[in-house]
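Here's a quick walk through one chain, its domains and the surroundings of its ligand. Have the model open while you read.

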Amino acid sequence: MNISVLGAGSWGTALAMVLVGNGHRTTLWARRAGLVDEIRTMGTNHHYLPGVRLPRELSATDDAAEALSGAEMVVYVVPSASMAEVVEATSRWVPHEALLVHAVKGFDPATHRRMSQVILAAHPGAASRVCALTGPSHAEEVARGLPTTLVAAAYSRQTAERVQDALMNATLRVYTNPDVVGAELGGALKNIIALGVGIADGLGYGDNAKAALMTRGLAEISRLGRAMGASPLTFAGLSGVGDLIVTCTSRHSRNFRAGRLLGQGRPLPEVLNEIGMVVEGVTATKAAVEIAAEHGVEMPISRAIYQVLFEGKQAEEAVEDLMGRERGRELEEVARDLIPPDWQRA
Ligand SMILES: NC(=O)C1=CN([C@@H]2O[C@H](COP(=O)(O)OP(=O)(O)OC[C@H]3O[C@@H](n4cnc5c(N)ncnc54)[C@H](O)[C@@H]3O)[C@@H](O)[C@H]2O)C=CC1
Ligand SMILES: O=C(CO)COP(=O)(O)O
């Protein structure tokens, strides 16, 4: 297959390596000519994937028209805040029948659109060719061929299976899923919880607090997901709890690391500068709080992280507030019919 990967950060580069390794003619588009030079002459992408050697067969260009010429599959891998700009700026060069895959975890900050919706806004009528590629997958490990699983979520089974075929190999196992909304929400919202788990770590809290944040975080992700039409079961899968686990526990996670620095008392601009790559949870927190309000859904953990990030609230105080909330009922909020009659409230 001819494949064009748009975005040469850590994940775009790692995915391009997989596609080349699977025998596809793959072109990686980078915005900066300097990075294209480095990839062509040195065979590295030092800033985003230090210590990794790129395959010789990988083509790189800073010319989007050239990258997209003859593409049968386009893979968008830029930060969510840049997606609308990149999708719109490149749309005229995208061949008519190309599959439109994205591997981006976030929302458009201005419109709150999910990433497949951003693609469809520039490519109306292409819903059957759109696919969200998501799941627990740090680029640093995929680039080294360590065993990984992904999810290809698409409205069309054929599209999901074509993406699955393009990526599957001995160390990368791809599952299909028809629930595009759930898969996209799981990927975007877990970054917020990873920030929270990082903050807890930076504050010196223990493993109990982290487990609580992950579990109750998944509960609020699922609550919003259901209100937005996702299947609750998707959140129990790789793009839900799977990605939540890896992002909240991996040393590679930019969101977890950013959270830890925040928990240690460092200001947000300094933290983002130190990480030096996209920290999607920051923009996702803002979007999620606004989307939750639009749907009338409670997301107390995301709201607390919002207050720490954007309203100057001390992290300890945010934790005290979370612990002091009204008493909760774990099962009742998920399914009332699981509750014995003598537990039911009037
Ligand atoms: N790094 C990882 O392990 C994984 C990342 N992702 C997702 O992939 C998406 C991209 O993340 P990374 O590659 O990790 O980010 P990164 O920070 O490593 O790289 C982002 C790349 O996008 C480029 N970029 C930014 N704005 C652009 C624009 N307007 N036009 C063209 N290029 C632009 C940057 O120059 C950089 O090369 C994010 O949504 C992230 O959540 C998903 C799974 C794994
Ligand atoms: O989505 C990811 C892993 O699946 C990457 O997470 P970070 O952006 O926190 O590094």
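## Two domains and a ligand

The domain assignment splits the chain into domain 1 (2-178) and domain 2 (181-329). Keep in mind that this is a predicted model. The C-alpha centres of the two domains sit 25 Å apart.

How many residues does each domain bring to the contact between them? Domain 1 puts 25 residues in contact with 26 residues of domain 2. On the domain 1 side, the elements giving two or more residues are helix 4 (80-90), helix 5 (115-122), strand 6 (130-134), strand 7 (148-154) and strand 8 (172-177). Strand 7 has the largest share of that side, with three residues.

Now for the record: UniProt, in an unreviewed entry, places the feature "domain: Glycerol-3-phosphate dehydrogenase NAD-dependent C-terminal" at residues 179-320. That span is 75% helix and 0% strand, and its end C-alpha atoms lie 36 Å apart.

Zooming out, the chain has 15 helices and eight strands. Its radius of gyration is 20 Å, close to the 20 Å that the globule rule gives for 346 residues, so the chain is as compact as a globular protein of that length. Along its principal axes, the C-alpha trace spans about 65 × 40 × 35 Å. Buried residues account for 49% of the 346 in the chain. If you look at contacts with a separation of 6 or more, 69% of them join residues 24 or more positions apart.

Where does ligand 1 lie relative to the two domains? Domain 1 and domain 2 both give residues to its shell, so ligand 1 lies between them. There are 25 residues around ligand 1, and Gly9, Trp11, Ser82, Ala139 and Met277 come nearest. Helix 1 (10-21) and helix 4 each supply at least two residues of this shell. Helix 4 gives the most, with four residues. Helix 4 is also among the elements on the side of domain 1 that touches domain 2.

Here's how the residue classes break down for the ligand shell and for the domain 1 side of the domain contact.

| Residue set | Nonpolar | Polar | Charged |
|---|---|---|---|
| Side of domain 1 that touches domain 2 | 11 residues | 11 residues | three residues |
| Shell around ligand 1 | 12 residues | nine residues | four residues |

So what should you take from the picture? Ligand 1 has residues of both domains in its shell, and helix 4 is the element that gives the most to that shell.

Technical notes: Residues numbered from 1 in each chain as written. Chains lettered and ligands numbered in written order. Predicted model: local features only at pLDDT ≥ 70, side-chain atom pairs only at ≥ 80, totals over all residues. Domains from an automatic or database assignment. Contact = placed C-beta atoms within 7 Å. Nonpolar A, V, L, I, M, F, W, Y, C, P; charged D, E, K, R; others polar. UniProt positions renumbered as here; feature names shortened; annotations may be inferred. Rg over C-alpha atoms; globule rule 2.2 N^0.38 Å. Buried ≥ 20, exposed ≤ 12 C-beta atoms within 10 Å, placed from the backbone. Near = placed C-beta within 6 Å.
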